Amino acid sequence: LLPKAVHGMELFFVFESLAKSPIKAPISDADRAMADKVHACWVAFARTSRPDCGLTWPTYDRTSDTALVFDRQIGLTPAFRATQYRAIDGLYFGK
């Protein structure tokens, strides 16, 4: 995949426009495959309000804090923001 990401980089994957990316790196087959998958998920969400794109993508729940992460391997990541939530809770609620 591309070596780094900038703010809004996902939009080049969503709209299948990697060639217009500000990152001047060769676009690999893995990049193109990721763009196809991200695009399919966004299109499915736009059509149906559900990202039904061949991936198990559960509704977000802060209790389980499971997120679908698009990285070299696409997969579910439990406790995705647990550290941040604990810090915020501690800061604001003394927990």
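These legends walk through a few views of a predicted model.

**View 1. The whole chain and its run of elements.** Let's start with the layout: three helices and two strands make up the secondary structure here. Read from the N terminus, the order goes α-α-β-β-α. With a radius of gyration of 16 Å, well over the 12 Å that the globule rule gives for 95 residues, the chain is more spread out than a compact globule. Its C-alpha trace covers about 50 × 30 × 20 Å along the principal axes.

**View 2. The surface and the charges.** Just 23% of the chain's 95 residues count as buried. The accessible surface adds up to about 7,100 Å², and carbon and sulfur atoms hold 58% of that. As for charge, there are 12 positive and 10 negative ones, and their mean positions sit 4 Å apart.

**View 3. Ser49, in the loop after helix H2.** Look in the loop between helix H2 (29–48) and strand E1 (67–69) and you'll find Ser49. Ser49 isn't a glycine, yet it has a positive phi of about 70°. Is this residue buried or exposed? Ser49 has a relative accessibility of 58%, above the 50% cut-off, so it counts as exposed.

**View 4. Asp65, in the loop between H2 and E1.** Here is Asp65, also placed between H2 and E1. Asp65 has a positive phi of about 50°, again without being a glycine. Its relative accessible area is 3%, which is under the 20% cut-off, so Asp65 is buried. Put the two close-ups side by side: Ser49 is exposed, whereas Asp65 is buried.

Technical notes: Residues numbered from 1 in each chain as written. Predicted model: local features only at pLDDT ≥ 70, side-chain atom pairs only at ≥ 80, totals over all residues. Heavy atoms only, no water. Helix = DSSP H or I, 4+ residues; strand = E, 2+ residues; numbered from the N terminus. Rg over C-alpha atoms; globule rule 2.2 N^0.38 Å. Buried < 20%, exposed > 50% of the residue type's maximum accessible area, 1.4 Å probe, protein only. Areas by Shrake-Rupley, 256 points an atom, 1.4 Å probe, with all protein chains shown as cover. Lys, Arg positive; Asp, Glu negative; His and termini not counted. Charge placed at Lys NZ, Arg CZ, Asp CG, Glu CD.
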